[in-house]
Amino acid sequence: MDESLSHNDEADASSSHSGSRRGGWITFPFITGALVGLTLTAGGWLSNLIVFLIEEFNVKSIDAAQIANVVNGSSSFFPIIGAIVADSLFGSFSVISISSCISLLGIIVLALTATLNSLRPQPCLLGSELCQPTSTLQDAVLYTGIALASIGLGGTRYTLATMGANQFDKPKNQASFFNWYFFTLYSTTVVALTVIVYIEDNAGWRWGFGLCVLTNIIGLAVFLYGTRFYNIDKPQGSPFVGLARVAVAAFRKRKLQLSSLSKDYYDRHDGVKEGIVTGTLSTSFRFLNRAAQKIEGDIRSDGSIAKPWRLSTMQQVEDFKTIIRILPLWSTSIFLCIPLGVQSSMIVLQALSMDRHIGPHFKMPSGSVIVIVLLSTAISLTLIDRFLCPVWQKLTGRSPTPLQRIGLGHVLNVLSMALSALVESKRLKLAKANHLQPVVPMLALWLFPQLVLAGIGEAFHFPGQVALYYQEFPVSLRSTSTAMISLVIGIAFYLSTGVINLVQRVTGWLPNDINNGKLDNVYWMLVVVGVLNFGYYLVCAKLYKYQNVKGADVNYSGSADNEK
């Protein structure tokens with residue numbers, strides 16, 4: 001996919017052999033090996049959760065989809081907490097190690113619920129809607145396992161990405177690492193959603209979850225085995241405290257007349273940080289410049305800050321401005337991911353009501369349908385890297401920017417929702433023609449084109465967002481920057497749950513039996529939301545100016561147009 005793996009940059013390649021410095025490509029097998037093991041674990045339990053809840057815990061279909069959305073949201077929300085802890089307190093290595101152990105505890109508990117009959121209710125009688133409810137103990141054990149597994153997943157996935165990128169000094173190698181990281185992530189998830197889910201559906205849940213326990217142990221062991229090669233960054237304390245001080249100091253000095261002289265502003269002169277020239281303050285959000293403006297009593301005789309909540313450094317002010325500038329773009333990604341959250345849960349219910357046979361002898365598990373998105377994304381990443389980016393560069397003279405990649409992802413996402421609506425309309429017509437039988441005589445293969453489009457869109461907008469945040473965020477917030485996309489996904493899954501609840505209350509589109517509903521109307525509603533959000537994105541992208549100009553020209557393969 002990239003020549004960086006076969007022709008390593010000399011500085012990064014040799015760093016791992018230096019007695020005084022670690023890191024470089026020698027760490028890649030250990031970090032990606034851990035990613036493979038932990039992703040197999042997460043994919044094995046999370047992707048088939050809806051089916052597990054319906055079959056083993058007698059949960060109704062829409063309720064199971066809602067629970068899965070909340071769990072997906074939590075699993076995506078926890079990475080931002082893990083990133084903050086990594087940046088502020090313990091560092092990436094410790095957070096990944098501890099989270100992997102928590103993940104292992106969670107999947108062990110889930111394996112016990114699948115193994116011990118006393119930890120799950122009796123199955124529903126065939127043909128009857130009367131099912132034994134779960135006991136308090138059964139609910140407690142089930143949701144404890146889910147919570148632990150979610151926390152463990154949240155503390156590893158994107159923190160691994162940050163730790164991997166931190167092994168390299170040059171943007172070229174960092175961009176190459178991100179590309180291979182996402183390729184490994186999606187490829188491994190494909191294996192989890194096919195092999196492990198197939199084992200769960202055919203050999204039994206105890207065997208599937210038992211395999212997840214094994215992959216978690218292997219992933220943790222591989223990660224720890226590479227300890228001696230890692231460049232382990234020490235946490236510098238919470239950068240969020242410094243950002244909070246900017247807001248407080250600016251507010252407390254809100255009546256202060258802004259000075260036009262640079263000498264009136266506090267600068268520690270502790271080196272030039274990436275993207276900021278020491279001794280200058282930008283003119284945007286000028287009211288925040290007051291936070292760095294010196295007045296009597298702010299500075300001690302040795303030049304240090306006497307009152308931290310009344311004076312900030314110029315660097316801290318610029319970091320705060322960077323966060324403010326990127327927030328509108330970040331918010332567009334939330335509305336971009338809400339349709340994907342709805343689609344990922346509804347697609348399982350659609351597949352359950354369709355003919356899932358591929359050939360005369362193989363029946364595809366309903367939880368594996370979403371694997372088409374991952375396959376499409378993994379293949380698209382390769383094609384984008386090897387063909388689209390070089391062609392784009394030849395035609396335009398520069399690589400596609402992160403904003404351009406994200407914008408194309410918006411368009412493909414809208415097209416996927418429109419195709420989803422058309423396919424669902426056809427499925428509902430067949431359901432009514434066949435007197436609303438549980439399984440509609442329509443192949444689940446009809447669901448594949450919309451998932452392929454969604455996967456291609458993800459290949460553009462997810463890596464584009466990670467690259468944008470990593471390049472544009474302050475250096476002190478690098479772990480947080482890569483976890484921002486996870487926070488987007490988490491919020492989107494929570495909101496998708498709210499969307500489904502709202503649709504259920506206001507309309508009759510989503511009954512428990514979707515053959516009696518109008519799921520196609522839900523998809524058309526998401527098309528309208530997507531179009532409006534794309535217009536909002538275009539406005540935000542037009543107004544945004546890259547803070548890291550060199551980083552903006554880094555493409556998927558890791559090449560930089562103006563690398564020095």
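The following paragraphs describe the confidence, the overall fold content, the nonpolar core and selected residues of a predicted model.

Across the protein chain of this predicted model, the mean pLDDT is 82, with 88% of the residues reaching 70 or more. Confidence is not uniform along the sequence, since residues 1-20 stay under a pLDDT of 50, although the model still places 39 contacts beyond four places in sequence for this stretch. Residues 549-564 likewise have a pLDDT below 50, and 50 contacts beyond near neighbours in sequence are found for that segment in the model.

The secondary structure of the protein chain consists of 16 helices and 4 strands. Of the 564 residues in the chain, 55% are buried, while the exposed area of the chain amounts to about 24,100 Å², 64% of which is supplied by carbon and sulfur atoms. When contacts between residues at least 6 apart in sequence are considered, 81% of them join residues at least 24 apart.

The largest nonpolar core comprises 143 residues, among which Trp45, Leu160, Phe177, Phe209 and Met346 touch the most other members. Helix H10, spanning residues 314-352, gives the most to this core, contributing 17 residues. The surroundings of Phe209 illustrate the packing around one of these members: with neighbours within four places in sequence left aside, Phe209 is in contact with Gly44, Trp45, Phe52, Ile107, Leu110, Ala111, Ala114 and Glu200. In soluble globular proteins, nonpolar side chains tend to be buried together.

Ala541, which lies in helix H15 (residues 519-543), has a relative accessibility of 18% and therefore counts as buried, the cut-off being under 20%. Beyond residues up to four places away in sequence, Ala541 touches Leu329 and Leu403. A further spatial relation links Ala541 to Ile326, for although these two residues are 215 residues apart along the chain, their C-alpha atoms are separated by 9.7 Å.

Nonpolar side chains also occur at the surface, where Tyr198, Ile358, Phe362, Leu443, Leu445 and Trp446 form a patch with about 520 Å² of accessible area together. Within this patch, Ile358 belongs to strand S2, which covers residues 357-358. Ile358 counts as partly exposed because its relative accessibility of 38% falls between the 20% limit for buried residues and the 50% limit above which residues are exposed.

Conventions: Residues are numbered from 1 along each chain as its sequence is written. This is a predicted model: local features need pLDDT of at least 70, side-chain atom pairs count only at pLDDT 80 or more; totals for chains, interfaces and linings use all residues. Side-chain values use heavy atoms; hydrogens and water are left out. Helices (H or I, at least four residues) and strands (E, at least two) are DSSP runs, numbered from the N terminus. Buried means under 20% relative accessible area, exposed over 50%, partly exposed in between (1.4 Å probe, protein chains only). Contact means heavy atoms within 4.5 Å. A nonpolar core is a set of buried Ala, Val, Leu, Ile, Met, Phe, Trp, Tyr and Cys residues joined through side-chain atoms within 4.5 Å. Patches are made of residues with over 30% relative accessible area and no salt bridge: like charges are joined within 9 Å, nonpolar side chains (Val, Leu, Ile, Met, Phe, Trp, Tyr) within 5 Å. Accessible areas come from the Shrake-Rupley method with a 1.4 Å probe; for residues, only the protein chains shown count as cover. A salt bridge is a side-chain nitrogen of Lys or Arg within 4 Å of a carboxyl oxygen of Asp or Glu. pLDDT is the predictor's confidence in each residue, from 0 to 100.
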